[in-house]
Amino acid sequence: MITVQNLHTYRGLSYVLQGVGLTAEGASCTTILGRNGMGKTTLVETVMGLLPAREGSIDLDGNELAGKSPYQIARQGVALVPQGRRVFSSLTVEENLTLGARRGGSANPWTLERVYDLFPNLSRRRRNRGSDLSGGEQQMLVIGRAVMTNPRVLVMDEPSEGLAPVIVDLVGTVIDQLRQQGLCVLLVEQNYGLAVDVADKIYILSGGQIVWDGTSRELEQSPDVRHEHLGV
Amino acid sequence: MPRIERRLRVGLAVTAALVVAATSACASKAGGSTSDPIKVAHPLPLTGVYAANGKDLQSGFEIGLKEFGSEVNGRKIEVTFADTQGDPATALTTVRKLIQDGAQVVQGPMATNEIAAVAPLLAQNGIPVNDLGLCSAAQLDSWAKTGNGFTSGYSCDQTALVAAEWAYNEMKWRHITLPALDYSWGWATAGGFKSAFEKLGGKIDKEIWIPNTAADLSSYVTQIPKDTDAVFAAVAGAFSVKFINAYKSFGLTGKIPVFGVTPLIDGSILPTMDPAATEGVYAGAQYCDGIDTPENKKFVETYHAANKRYPGYYAEAAYVRAQVLVSALKARNGDASDHKAMAKAMKQVTINAPRGPVSISDKSFSPIQNIYICQVKMVNGELRSIPIKTYEKVPPQGNVLDYATWEKNFKRYTQARP
Amino acid sequence: MNTTAPAQAASTGEVALRVESLGRQFAGVKAVDGVTLSVSRGARLGIIGPNGAGKTTFFNMLSGELKPTSGRIEMFGQDVTRLPAHRRVALGLGRTYQVTRVLHGLTVRENLTVAVHGLSRSKLGLLRSWRAYRRQMEQVEELAASFGLENRLDVLAEALSHGEVRQLDVCLALALKPSILLLDEPAAGLSPAERVDIRALLNRLPPELTLILIEHDMDVLRSAVDEIAVLHHGEYVARGSVAEIQQNELVRELYLGKQAEGAELPKETALNAGTESGGGLV
Amino acid sequence: MNGVHGSADRAQPARRPRLGGRAQSVPLVARPQGPMLWIGAAAFIALTAPLLSQGGFYGGLVTQMLIFAIAAMGLDFLGGFGGLVSFGQASYLGLGAYGVAVSMRYGYGPWTAVGISLVVILLVALIVGPLAVRVSGIGFVIMTLALGQILFGLAFSWVGVSGGDNGLPILSAPVLGPIDLNKPSHMSFAVLAVFILSAWLLRTFVTSPFGLSLRGMMSNEQRLRTLGYATRLHRYVAYVISVFFGGLAGILFAFSNGLISPTAMDFHHNGVITIMAVLGGLGTLWGPVLGAVIIILFQQYLSIYVDRWATAMGVVFIAIMLFVPEGVWGLARKGARRLGRQLGRPAADGATTRALSAEAREPHRDGQNDGSGDEAEVRA
Amino acid sequence: MQLLVQTLNGLTLAGIMFLVSSGFTLVFGVMRVANLAHGAFYLLGGYIAFSTVQVIGNFFLGVLVAAVTTAVLGLVLERTLINRIRGNVMAEVLLTLGLVFVIDDVALAIWGGDPLSLKLPGLLAESSTLPGSHLVYPNARLLILGVAVLVGLGLYYLLRRTRVGAIVRAGVDDREMVGAMGINVRLVFTAVFALGALLAGMGGALGATVLTLGPGSDATILTFALVTVIVGGLGSFEGAVLGSLIVGLLSNYGEAYFPSLAHFALFAPLVVVLLIRPQGVLGRTTA
């Protein structure tokens, strides 16, 4: 579905991604694990077009994404759940959700009703401003906001950050559902537990490079990999 | 430290290139001998707030030269119109440049502050200068002292003095409301009017001072008392348009007569004004485009052909300056090199201008001339300013005050509110 | 190395920093929620917690860059809750940043010069080149040398490698000779080799310095601190020696983010743990 | 792979030094070097002195350039080194000039007037400063513009004191022994002397610990605070210094022009001084001098011959903004660097640039934004 | 009576101020660009309306042509110039300063520097006696007040009730994320800049019926806009409304009752607000 090859990205003068390559399939969850400062967010931003790639390609079903603007990439069917949530704080919940709403090519598209079904809290607070929500509600809102664009690929950047375990569980459940509905979920995480729970495939990013890949089970069975690259 | 040198070299090269460009450009212009053309400098605002007036001056002066001859005794009159941007600092630099290039006579610059800025420089060089008008005490003092300056235009309050006389004697108005622009021109005009009107026995109901930063005149117009006999509006330029418009929109037009001085209904702004608001407005004026003399008809015709509208007092003043210049040059056989003699010749000129006979007072060095009461009328579908009464050969102090009183008032009112 | 030395041994017992029910809310989100703890002079405290636990917000309040919405902060017994950042620095507080905040556009030497002038009146000096301040220049060179940056003095800060930037950041904080130093993930984004350097650097810190260190890397923590406090979801949940914390099942779950099936974290427990250990340990 | 080249191109602008606004605006090297300064100063005097002694138009022109250069350099001190680009420098120029003119109107001698004017400038700067430095970036632009309009309005409408639209004449200039500033050539050389003194002072300020920390503050104000700096006080001091040179230029302006009127401090004039500094190159100190030379040439020289000189000036400025946002001086420096490289010598900026270009190729990482709880919290 | 007239005067002045400041504040809020050429757009709008009325003779068509032309000009300038240096906010602002010089000068070349004013057609040029009093009040000013209210409501609807408005507000919150939602932010910027120019142009056409147009009008109008948005709060739409009312009314009362302090009446609210609440009455803390 989405194939990243030999991706090199600079942030200002610093060379962050140093030849990252990975693939993620539809109807699955691919997780990129890594510690702070290893280039995870840079990877997400490069995929989304928020940072320009110096070199390399990002291929989505035969379409090259590298070099395109974020909005073009989004229209190709990539949606982002950014780190730190970044809800539109002066917009109401409903405006947040409908802002980028598109049908995409989906036969059973996400609608307001479906999002509200998934997150009943949001339905109750639909007239509230984004800034009035709690952290957990904000996280639900940005997930809802992203799926409302009916993407093919959902890129999630540390959705568990700063959330109560109950909410993290919910996030896991939601990811599971999305995967079952055929979405390609690209989850970038630091939260080992969540990652192992939901991932079909795991990549470990360290020093701007993919240093390990395998399944959850394989990772659970490799304590030295965990220790060396994740400090776990 | 080679890198430093290199950087320095580039910096120097750039500076040097600019300086060389500047100096070489000047070298080609500078210099000259006595057999060369008569060099006339006409600094005037061609950009900035006063650009339109500057254009009028240029057009009037050019028409004047065409009319009276751009050559005297085989010498060409070469005029440089240079942009002062309406800014005294720029005016000073510009005039310095023009003097350096050999200017023998200076016309202008225009605004009072520009005139004040260049006056010391001109006085120092003794170069004859014919100003647009006499509007500051400094001019009066320095002209008397240095002898190089005068005006063939008007003295700032000459028209107001006559307007007051007319309002009291002809219109029998006794109570006047006086809105005026709150700076020296406004003070001088209002002061002149007030001193003459009160001397005659009239009363000023209310003075309304309009700051020259005001964008909107409604709050001033709405302060005019309803029971006043007439309104004397000492406003000019854009404020004339704003005032007349506001006067009408607040329902005062037709109820309380309004009059002013030359710039209130000047030919240069009439085309942009609302006829319903402007028709019937009076002004005391040294010039209005409807003056019925052969000289004026000819001038108006030529000006209209060139500019597609009727001339205002700026254009006429410049035309007259050209006339004065050429007459004086003829008297001097085309020799402008002696500044003192040239200045004297210019001041002694007596001419028949579009506005009528003009001579220069030897006390104030401003014109003794006809002052008209003009009224805006619709003529063949166009607004024109037509004289309805003529006061002939009015001295600078007008017909009501004596010279000494006038001089004292003038000096005071050009520096503070009356 | 005093890896396992108890806090009391290193400290004089005097309280360097005391925080009482400190809280900060961002538009409906409680980033830090009622944290109470105190640190003795000379103690070395690590703070851990998953991303978004409020650690950096906590630091920002300590340093005075963020105003708390509730609670109070004391340094050496003095209430500093309302003091602006630079005044706290004058009282002996230094810090580094998780996202390094060295001064771009300036060379390493210039960065350090800015720092060494930070607390003296010479920072308002106008009439002499900064190069002419002999004593400060020597200080800069010494500082740089002690961090292995002596060959990089004339390199622009943005041209340093990531590890060097981390070192420079710490170096900037130390230039002020602080008595309390807040380090925010000094090892983040470093290669294993660079991480060893940072560990060495931490061990060279003067013993009388009170150190509070946010870090994920257990190896770094083990070698640098005596105790660890755990923040989660803006709340202070546990405190103990490195070994204790590592063995604490609750902390393990929290920090590692691993949720055993059905094992919900009882909030009350967390809160109690926080208050208890917070109150008991100092 | 179609997008790759495009994206590499897009990466470029991020490395271009930019104007104003904090971290992004840091000039890569902003240190005028010692010996160059002396050579430069000598050359400068050698170039300008003949023109000044010649007097007349060209003398006057160069005098104007020098006066505005002082104001523009002052602006650069705050704008180029402190990241706060002011739109109110002409207001202070006007204030300085009015200080002299009003004092003399009330009968004080020229020297006393200069003293009074300096005090007034400082007082106004000290009072207005806290208002102005409360905001940064665009806010500062707007604020200084608005405050400048207040001063302009004052000069325009407080007629009793300022003479209103007509302005006030300055009829005599200071005399000190054999130096009589009433003589244009003496005045010109006095301006040159003050210019050199100002340039020297400003350069000293820029290279002082204060100037250094100002540059640091432009890069990261928060970091400066946690290094013990009261940054608002720093900005305030920098503001006062910056506008002081505006006022100083105004005092010279008053004596060399003999008249001050509100036009000198209107919106356009404020814009023009900013344009001088930016056109020449912010953060270079010498750039603004060059900017003043160029703009005065447009305004006072070209305007005599070209009707639409203002359009030409605007277009040139827009072109500079589009293609060389680091200004003419920056361009010249870039050219020098390129020249240096072609000659196979070390780059013009020596160690730092060399290090930069080498380092950029070496792998190293930066954790910016990566896993940053800090960022997220601030945003929320 | 006098108070009523002065209040009305203040309100109509507030109307003009709102027309010019709403566009300025909109552009600032979304793009973080202080468009110094806003006054120049106003001037241009007024001139274009004037010429259109001269040629075609229809006032309303004149306003329309002015609004559309300035909008197109704004669009073109944004696309060709400002867009090129997007992200370098300071350069963007300075570029608009360059535009001021060019637009002013070109306008001078085309229209000359005569003070112009626009004449309203038919009844609008008349005055009405206000019901229940003898007050004569110009219809033109009432028209401006009406238009300002309409424009205000229209903008409010656009910003608060439509998806486009949501995009604009979201752009103020987090520009980057709007792009990541599949929305072309550059297009939004261009549209907002054009809308700002349109409002300025329309303001010029309408303002010219009460104020005069000429060199220097642009600086006056820009000053109005600056003072208004600083008082109300930079980038805040509601701030523009409130700022216009405060400044319009206060400066009018000031002119009427303390004529010698007229000038300060305009700036007094500015200084007070700066002292007490530097971000403006309705401004956000991060400006």
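This report describes two interfaces of chain C, one with chain A and one between its own domains.

The model is predicted, so that local features need pLDDT of at least 70 and side-chain atom pairs count only at pLDDT 80 or more, while totals for chains, interfaces and linings use all residues. Residues are numbered from 1 along each chain as its sequence is written, and chains are lettered from A in the order in which they are written.

Between the chains, 23 residues of chain C are in contact with 27 residues of chain A, contact meaning heavy atoms within 4.5 Å. The domain assignment of chain C, whose bounds come from an automatic or database domain assignment, gives domain 1 (1-92 + 178-282) and domain 2 (102-175); their contact takes 18 residues from domain 1 of chain C and eleven residues from domain 2 of chain C.

Buried area is the accessible area (1.4 Å probe) that two parts lose on being put together, summed over both.

| Interface | Buried area | Share from carbon and sulfur atoms |
|---|---|---|
| chain C and chain A | about 1900 Å² | 50% |
| domain 1 of chain C and domain 2 of chain C | about 1000 Å² | 71% |

For salt bridges (a side-chain nitrogen of Lys or Arg within 4 Å of a carboxyl oxygen of Asp or Glu), the rule finds zero across the interface of chain C and chain A, and zero across the interface of domain 1 of chain C and domain 2 of chain C.

Technical notes: Heavy atoms only, no water.
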